[in-house]
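Reader: I'd like a close look at one part of this model, the place where two helices pack against each other. Could you walk me through it in plain words?

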Amino acid sequence: FWLKFSSTQLDSGRSQQHVPGILAATMSHRSSEFDAVCGNVHTQSQRFPKQWAASSNNYLQAARRHCRQAWWLRSAVGDECRTVNKKRAEQSGAVNYALRERVAETNNLYRSLRSSLVATTSELEELAMARQQVLRELHDNRARKRRTEQCLLNRTQRPAREALRDTAEVMLEHELTKLQETIDMQAVSVREIEARTSKLQKLKKALESDLLDKKQALEVDLGTLQMHAPPRQHRSHSARVPRRKQMAYSETRSGRSTPR
């Protein structure tokens, strides 16, 4: 028993001697870890507040500067766009005005050509009727001339003792002369009518061709004007807001109450 107690006491004494060493080693290890952590924290916090805010302030200043430059750029671009749009609108208006003038002038020429074509066609019809009338009269005068010549020939068959140059024979000769002059004049009139008819027919063809060209040109110019002119903006019925609702909305935006 004594030996057992002494050995137990000896073991407990030895364990008590080892406990302070273990605790000291553990505390030193934890102290070194704490120092390392604190050292790292102290290493990451070397900047002062001004230095800490400097980068953010730089970002803010850069943002303000770039936003101001962007506003200047937008203003310049907007002014340039407005100037370009104004010039384009003026040029477009000038083009539309020129096209309208051309359409009006072409339309006037088209109407004049059509009226002239109608007048030329009517004149050709009148000339054709006049030619037919002159030809009928020419035919009648030639037939009358043949009868007058036959009458004079018959007058020569009188007996020799009854042959004389009396008033009847003189009048027949005078009638024959006048008929020949009338026939010659009517033949000239027919040739003149035919020449005038030929010229008017050529002129009619030219008028018809020019009228067709003017019609096509007028259609092209009208199509060009409709293509170049900007379309009108029509608001749909659903997009229209009643005046009472507009007043209510404006008063609500301004902070005033809407009267009932």
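To start with the whole chain, what percentage of the 260 residues of the protein chain count as buried? After that, please zoom in on the pairing of α2 with α3.

Author: Sure. Keep in mind that this is a predicted model. Of the 260 residues in the protein chain, 13% count as buried. The secondary structure adds up to four helices and zero strands, so if you read along the sequence you get α-α-α-α, a pattern that follows the helix numbering from the N terminus.

Now for the pair you asked about. Helix α2 covers residues 49–155, which is 107 residues. At 1.5 Å a residue, α2 should span 159 Å, and its end C-alpha atoms sit 154 Å apart, so the two figures agree. Helix α2 does have a kink, though: look for a bend of about 30° centred on S55.

Its partner, helix α3, takes in residues 167–228. The axes of α2 and α3 come within 5 Å and cross at roughly 165°. Because an angle over 145 degrees counts as roughly antiparallel, that is the label for α2 and α3. As for handedness, their crossing is left-handed. If you sort the residues of this contact by type, you get 30 nonpolar, 17 polar and 22 charged.

Two residues of α3 are handy landmarks when you turn the model around. One is H174, which is found in helix α3. Its relative accessibility is 43%, and because that falls between the 20% and 50% cut-offs, H174 counts as partly exposed. The C-alpha atom of H174 is 10.0 Å from that of T148, with the two positions 26 residues apart along the chain.

The other landmark is D221, also in helix α3. D221 has a relative accessible area of 15%, and since the cut-off is under 20%, D221 is buried. Pick out T106 as well: T106 and D221 are 115 residues apart along the chain, yet their C-alpha atoms are separated by 9.0 Å.

Methods:
Residues are numbered from 1 along each chain as its sequence is written. This is a predicted model: local features need pLDDT of at least 70, side-chain atom pairs count only at pLDDT 80 or more; totals for chains, interfaces and linings use all residues. Side-chain values use heavy atoms; hydrogens and water are left out. The expected span of a helix is 1.5 Å times one less than its number of residues. The bend at a residue is the angle between axes fitted to the seven residues ending there and the seven starting there. Axes are lines fitted to C-alpha atoms, for helices over the stretch in contact, and angles run from 0 to 180 degrees between N-to-C directions. Angles under 35 degrees count as roughly parallel, over 145 as roughly antiparallel, 65 to 115 as roughly perpendicular and the rest as oblique. A crossing is left-handed if the near helix is turned anticlockwise from the far one by less than a right angle, and right-handed if clockwise. Ala, Val, Leu, Ile, Met, Phe, Trp, Tyr, Cys and Pro count as nonpolar, Asp, Glu, Lys and Arg as charged, and the others, Gly among them, as polar. Buried means under 20% relative accessible area, exposed over 50%, partly exposed in between (1.4 Å probe, protein chains only).
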